[in-house]
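Biologist: I'd like to learn how to read a model like this one, feature by feature. Could you give me the general idea each time and then the case at hand?

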Amino acid sequence: MGRPRIYDTPHFCLHTYVRKGHTYVEAYRNEWDPEKKRSRIAQRKYVGVLDTTTGRVRLGKKYLSENPQYEGKILYYEDKQLVERTPEEVQEELDKRVPSPLNDVVSYGASAACWLVAQQSGMLEDLKKTFGAEVGADLLRLAVYQYLDGGSMDCFEQWASQHWLPKARTFSGQRISEMLSKITHQDITSYLKLRNHRCVEHFNKVKTQAEELKKPGPRFRYLALDSTALSTYSVTISSAAYGYAKQNPELRQVNFTLGVDYLNGDVCYAYESEGSITDKSVYPHLMMDLHHNGYNLQDTVIVTDRGYQSIYNIQRLLDIEINYVCGVPLTEESVKQLFERYKSSLSNPAFLNGRLKVAARTSKELWEKATDSGPLHLSTSLHLYKYPELAAQQAISLHQKIEEVLEKKNSGEKLHSADWSRVRNYIVENNKNVWVKNIKGLV
């Protein structure tokens, strides 16, 4: 086999890029920018289309007219150069190597770190066990892409050619759609059960280690639940419905509830519900679904925000003996009364946790649980929290806004409605027609 002839491109370098599923070769020339003190691309030239299987370059007409020395030559792109070879020579080498879909310049750090975390956490193993080795690895590739870039599936092929992943391969948006369409609800549930099993194993390991070291360990496992709504243009998703939307109110939406393990931050539960259903309404269904899918709720504390809180939900949790931590809206009159009652305690250093920077005071609430022998009286804890540092910042901000509004009111300037709504309870007009602070309202 003869030695291949290498063609030089004076003052120009070659590289490849991918666009709409096709790979192209481009020549570029750099020059020094004296102002920015760095090199920049001064000129680009389209060279031709690259056959990623054989490496052959089909030169563009303009580039060929500017470089007539390439006329009639069979050229290949190798090591960022145009090389003349015979098809027989190329085929002989192709039989000995595996082609790569990657560009010449590839990003390694973030994608490699994500893949390593997935391996070490057992995520890749669980994906392969649930969906099969090939599809499981492909799903992780898509997950890394979504986590790092968040673009549409049609752009995955281009992204994958620019970022390193093990055994890299690209596939089109159509291939992705076909793959995702075959995934069933049961597949997702099976995968999340495997993730939950790992979370339980991790909790038991931490608990056992604490006991062996005779140190305080976790008594319960904590599972945090939270929901988010995703807007959709789809007319085929049965659970899509109009509901309370912070964005795109004209679109229907689907609600997704995720369960996150406290110790390792892993998502180990998911539930899909109609977009019009509130968190309060879906809460009982979550408990039934967790129980139905084999999650052990007796040793678990369910943690939710105030959006899930209702008298019915709390009573239901007490009746079925599920441990819980649930946020309570500050708008409840009973909560307002408790904050007023314990105002001095929440300002007392004895109730301040310096590490958490929070003051806390606990109150007891009495509930009843229905039993065959009659009502059983239960006592639950209501924890009140105050963040002195945040409260001080908010107080300063409020006083700054009050003084700004007072200045505008007394000078006759036009006032924004939002500013007035914020401070109207804290200012008053005196008998001299001068606006001043309402001290009683600020106390």
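Biologist: Is Gly275 buried or exposed?

Modeller: The general idea is a cut-off on relative accessible area: buried means under 20%, exposed over 50%, and partly exposed in between, using a 1.4 Å probe and protein chains only. Gly275 has a relative accessible area of 3%, so Gly275 is buried. Keep in mind that this is a predicted model, where local features need pLDDT of at least 70 and side-chain atom pairs count only at pLDDT 80 or more, while totals for chains, interfaces and linings use all residues. Residues are numbered from 1 along each chain as its sequence is written, and side-chain values use heavy atoms, with hydrogens and water left out.

Biologist: Where does Gly275 lie?

Modeller: Helices (H or I, at least four residues) and strands (E, at least two) are DSSP runs, numbered from the N terminus. Gly275 is in the loop that runs between strand S10 (267–274) and helix H9 (279–292).

Biologist: Which residues is Gly275 in contact with, leaving aside its neighbours within four places in sequence?

Modeller: Contact means heavy atoms within 4.5 Å. With those neighbours left aside, Gly275 touches Ser239, Ala241, Gly243, Gln253, Val254 and Asn255. You can also look at C-alpha distances: Gly275 and Ser231 are 44 residues apart in sequence, and their C-alpha atoms are 8.8 Å apart in space.

Biologist: Let me try a strand residue. What about Ser363: buried or exposed?

Modeller: Ser363 is buried, at 7% relative accessible area. Its place is strand S14 (residues 358–371). Beyond its neighbours within four places in sequence, Ser363 is in contact with Leu338, Tyr342, Thr380, Ser381 and Leu382.

Biologist: And Arg56, where does that one lie?

Modeller: Arg56 lies in a loop, between strand S4 (38–50) and strand S5 (57–59). With a relative accessible area of 26%, Arg56 is partly exposed. Its contacts, again without neighbours within four places in sequence, are Val49, Leu50, Asp51, Ile74, Leu75 and Tyr76. The C-alpha atoms of Arg56 and Leu82 are separated by 9.2 Å, with their positions 26 residues apart along the chain.

Biologist: On to charges. How many salt bridges are there in the whole structure?

Modeller: A salt bridge is a side-chain nitrogen of Lys or Arg within 4 Å of a carboxyl oxygen of Asp or Glu. A search of the whole structure turns up 19 salt bridges. One of them joins Arg195 and Asp126, at 2.6 Å from N to O. Arg195 lies in helix H8 (residues 185–212) and Asp126 in helix H4 (residues 123–131), so this pair ties together parts that are 69 residues apart in sequence. Both Arg195 and Asp126 are buried.

Biologist: Which residues are linked in a network of salt bridges?

Modeller: The network links Glu125, Asp126, Arg195, Arg198 and Asp266.

Biologist: What about the pair Lys437 and Glu403: how far apart are the closest N and O atoms?

Modeller: In that salt bridge the closest N and O atoms are 3.5 Å apart. Lys437 sits in strand S17 (residues 435–437) and Glu403 in helix H13 (residues 388–411), so the pair ties together parts 34 residues apart in sequence. Lys437 is partly exposed, at 27%, and Glu403 is partly exposed too, at 45% relative accessibility. Glu31 and Arg40 also form a salt bridge, at 2.7 Å from N to O. There, Glu31 is partly exposed at 30%, and Arg40 is partly exposed at 39%.

Biologist: How should I read a backbone phi angle?

Modeller: Most residues other than glycine have a negative phi. Lys214 has a positive phi of about 55°, although it is not a glycine. Lys214 is found in the loop between H8 and strand S8 (221–232), and at 77% relative accessibility Lys214 is exposed. Lys357 has a positive phi as well, about 60°, and is not a glycine either. Its place is the loop between strand S13 (352–353) and S14.

Biologist: Last one, the whole chain. How many helices and strands does it have?

Modeller: The protein chain has 15 helices and 17 strands. Its radius of gyration is 32 Å, well over the 22 Å that the globule rule gives for 443 residues, so the chain is more spread out than a compact globule. That radius is taken over C-alpha atoms, and the globule rule is 2.2 Å times the number of residues to the power 0.38. Along its principal axes, the C-alpha trace spans about 95 × 70 × 55 Å. Of the 443 residues, 32% count as buried.
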